Amino acid sequence: MRMSAAMFSSFRCKTRSSKVMLRRGRKRRRRIEDALVAPEIPLDLLIEILTKLPAKSLMRFKCVSKLWSSLIRSRFFSNCYLTVKTPRRPPRLYMSLVDHLLCNSLMVCHYPCESVLLSSSSSAESLEQNLTIAGMGGRNMVVLRGLILYVVCRTASIYNPTTRQSVTLPAVKSNILAQKSHWNSLLYFFGYDPVLDQYKVVFTVALFSKRLKRITSEHWVFVLEPGGSWKRIEFDQPHLPTRLGLCVNGVIYYLASTWKRRDIVVSFDVRSEEFSMIQGPLKLSAFSESVGFIEYGGKPAVFDYTIMKQTGLVDLWVLEDAGKWSRKSLVLQSCQMHLVDNDIQFNVEGTTQNGEVILAPETIISPYYILYYDLQKND
């Protein structure tokens, strides 16, 4: 059978038309498939979205993929998350309720008691339970960049409230702990180096006579990383720490006393691991119960509320550059004097992100309330 030229031409046109329609159909299906499949989110946009979410949501989103899990658990993301401020993540207040007597054991606690860690946001009206641990330290809790350092007798642990994971540090094999002495002090300090992005724990143990005529002290440093171990740091000026420290711009500060001077501020550079001493405000003893050591305006400061209950007067000493102190006197308003009841012993527990000093009763009372002293507004 022969095909005429006209029939061949018509057949070729139909074939070409069918191919064109087929290609158009494939493109149409491809566009539909592309519309049904969500495009991949750029990494920088993904990080920006995740940093604005609550911590509980992040813990659930680790199950989305291996990429999301490794990203959320990375140190880079943690640093980004801590620097982003959002109304969905208001600052939290942590409170540890402890019924625990001092333990004389150097290594093992023979009198552990149940303690509860409670937390609440600044806008919440109730507290929620975070953790229950036997003998979890109350006064010796230090909060730094979302991590909590707490001490069970002589052993330090790091707790992450976001992941609800706790890591116990190995015991310090101190040489002077083996010496018999009725008077001793053991304190842990928590620091962060923003340059090397490292967390470090400093352990100071001091043996001293009754009137501080003889003081022997040792200092140890632990880098918070896998395989970390304690390393002894030499410092030829024995001293007795009297307060929990605070970390400001990569430097740990704490109040201390020596035999000759009772008003010393000791600084420890987290990166270089070097100690130094600074003369504290004159006529101010580091042993005073009505003195708090806080951060004010990005600088260490001494909050002296010795006569606040009687006169409403508060002295704020700020450590300026070159080791000099500036003084600022504040007077509590007369209409608020009833808040500082003479029968209640308040302790300074730190400051809020807005620079308010937190004053909490030393013992559990009813009603139990916490005072926020706004230093800027003197209110």
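Which residue is the bridge partner of Val314 in β20? To find out, select Val314 and look across to the neighbouring strand, where Leu330 is its partner in β20. The model is predicted, so local features are given only where pLDDT is at least 70 and side-chain atom pairs only at pLDDT 80 or more, while totals for chains, interfaces and linings use all residues. Residues are numbered from 1 along each chain as its sequence is written, and side-chain values use heavy atoms, with hydrogens and water left out.

**Stop 1: β18, β19 and β20**

Stay with Val314 and extend the selection to strand β19, residues 313-319; here strands are DSSP runs of E with at least two residues, helices are runs of H or I with at least four residues, and both are numbered from the N terminus. Six of the seven residues of β19 are buried, so the strand is largely enclosed by the rest of the structure; buried means under 20% relative accessible area, exposed means over 50%, and partly exposed lies in between, with a 1.4 Å probe and protein chains only. Next add strand β20, residues 325-331, which runs antiparallel to β19 and is joined to it by seven bridges; two strands count as paired if DSSP finds at least two bridges between them. Between β19 and β20 the hairpin has five residues, and within this hairpin Ala322 takes a positive phi near 65 degrees. Then select strand β18, residues 299-304, which pairs with β19 in the antiparallel sense over four bridges, and find Val302 standing opposite Trp317 in β19.

**Stop 2: the sheet β8-β9-β10-β11**

Now move to the open sheet of four strands, whose order is β8-β9-β10-β11 and whose pairing is antiparallel. Its edge strands are β8 and β11 (230-233), each of which pairs on one side only. From one strand to the next the twist averages 25 degrees, with axes taken as lines fitted to C-alpha atoms (for helices, over the stretch in contact) and angles running from 0 to 180 degrees between N-to-C directions.

Start at strand β8, residues 184-193, which ten bridges join to β9 in an antiparallel arrangement. Asp193 stands opposite Gln198 in β9, and the hairpin of β8 and β9, with four residues between the strands, includes Asp197 at a positive phi near 55 degrees. Colouring by accessibility is a useful next step for β9, residues 198-208, because ten of its eleven residues are buried. Going on from β9, nine bridges lead to strand β10, residues 215-223, which runs antiparallel to β9, and Phe208 stands opposite Ile215 in β10. Four bridges join β10 to β11, again in an antiparallel arrangement, and Trp220 stands opposite Arg232 in β11.

**Stop 3: aromatic rings**

How many aromatic pairs does a search of the whole structure find? The search finds twelve, where rings of Phe, Tyr and Trp (its six-membered ring) pair if their centres lie within 6.5 Å, and planes under 30 degrees apart count as stacked, over 60 as edge-to-face and the rest as tilted. One of these is formed by Phe190 and Tyr199, a tilted pair with 5.9 Å from centre to centre and 35 degrees between the planes. Phe190 is buried at a relative accessible area of 3%, and Tyr199 is also buried, at 7% relative accessibility. For another pair, select Phe268 and Phe275, whose ring centres are 4.7 Å apart and whose planes lie at 50 degrees, so the pair is tilted. Phe268 is buried at 1% relative accessibility, and Phe275 is buried at 11%.

Two further selections belong here. Tyr188, Phe203, Phe222 and Trp230 form one aromatic cluster. Arg145 lies over the face of Tyr192, at 3.9 Å from the ring centre; a charge sits over a ring if NZ of Lys or CZ of Arg is within 6 Å of the ring centre and within 35 degrees of the ring normal.

**Stop 4: helices α2 and α4**

Select helix α2 (residues 43-50) and helix α4 (residues 66-73), whose axes come within 12 Å and cross at roughly 60 degrees. That crossing makes α2 oblique to α4, given that angles under 35 degrees count as roughly parallel, over 145 as roughly antiparallel, 65 to 115 as roughly perpendicular and the rest as oblique. The crossing of α2 and α4 is right-handed, where right-handed means that the near helix is turned clockwise from the far one by less than a right angle, and left-handed that it is turned anticlockwise.

**Stop 5: Pro241**

Finish at Pro241, which is found in strand β12, residues 240-241, and is buried at 5% relative accessibility. Select Ser217 as well: Pro241 and Ser217 are 24 residues apart in sequence and 9.6 Å apart in space, C-alpha to C-alpha.
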